[in-house]
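Here are my notes on the model you sent over. Have it open while you read, since the points follow the chain and its side-chain contacts.

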Amino acid sequence: MSVDDSRPIWIQLVDTFSHNIVTEKWPAGSKIPSVRELALDAGVNPNTIQRALAQLDNEGLTTTERTQGRFVTTDLQTIAHKRSELAGQATSQHVTTMANLGLSIDEAIELIRERWNASATHEGS
């Protein structure tokens, strides 16, 4: 994980873990790696991981089974809502960047279309 010094690490972990859930790297209903494993992988203190996971619990993306560990929610509507939220944030950032570069909406859409098609071509290879 690359660290952005302008944002708290635990918030960056929430973003990473949310991304893992909405992209199904951690599928609905799956067991999440232990706090210890996640801390070792990320190179952070287990308390930082615990804080990020508590936030996911608060958002309804994860649930804790006292003796079995933590699991991704099986509520697909909650996951879809989070996916939409993350996509909206990324879109807002992109729109701001494109507007600041002086691109018109048509130019920005064409650029997205070109990149989208190029990405799809590479994925199909």
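1. One cut-off before anything else: a residue is called buried under 20% relative accessible area, exposed over 50%, and partly exposed in between. Keep in mind, too, that this is a predicted model.

2. Take L101 as the test case. Its relative accessible area is 58%, so L101 counts as exposed. You'll find L101 in the loop between α4 (76-100) and α5 (105-123). For a sense of distance, try Q68: it is 33 residues from L101 along the chain, and their C-alpha atoms are separated by 50 Å.

3. On the annotation side, the unreviewed UniProt entry puts "domain: HTH gntR-type" on residues 7-75. In the model that span is 52% helix and 12% strand, with its end C-alpha atoms 29 Å apart.

4. Now the strands. β1 (residues 62-65) pairs with β2 (residues 69-72) in the antiparallel sense, over 4 bridges. The two make a hairpin, with 3 residues between them. If you want a register check, look at T64, which stands opposite R70 in β2.

5. R70 deserves a second look. Its side chain meets that of D57 in a salt bridge, at 2.8 Å from N to O. This pair links distant parts of the chain: D57 sits in helix α3 (residues 46-59) and R70 in strand β2, 13 residues apart. Are the two partners buried or exposed? R70 is buried, because its relative accessible area is 11%, whereas D57 has 24% and therefore counts as partly exposed.

6. How many salt bridges does a search of the whole structure find? The count is 5. Another of them joins the side chains of R7 and D15, at 2.3 Å from N to O. R7 is at 32% relative accessibility, so it counts as partly exposed; D15, at 30%, is partly exposed as well.

7. Over in helix α5, the side chains of R113 and E110 meet in a salt bridge of 3.4 Å, N to O. Why is their spacing along the helix about one turn? Because R113 and E110 are 3 residues apart in α5. R113 is partly exposed at 45% relative accessibility, and E110 is partly exposed at 35%. Elsewhere, E59, K82 and E85 are joined into one network by salt bridges that share partners.

Definitions and conventions:
Residues numbered from 1 in each chain as written. Predicted model: local features only at pLDDT ≥ 70, side-chain atom pairs only at ≥ 80, totals over all residues. Heavy atoms only, no water. UniProt positions renumbered as here; feature names shortened; annotations may be inferred. Buried < 20%, exposed > 50% of the residue type's maximum accessible area, 1.4 Å probe, protein only. Pairing = 2+ DSSP bridges. Salt bridge = Lys/Arg side-chain N within 4 Å of Asp/Glu carboxyl O.
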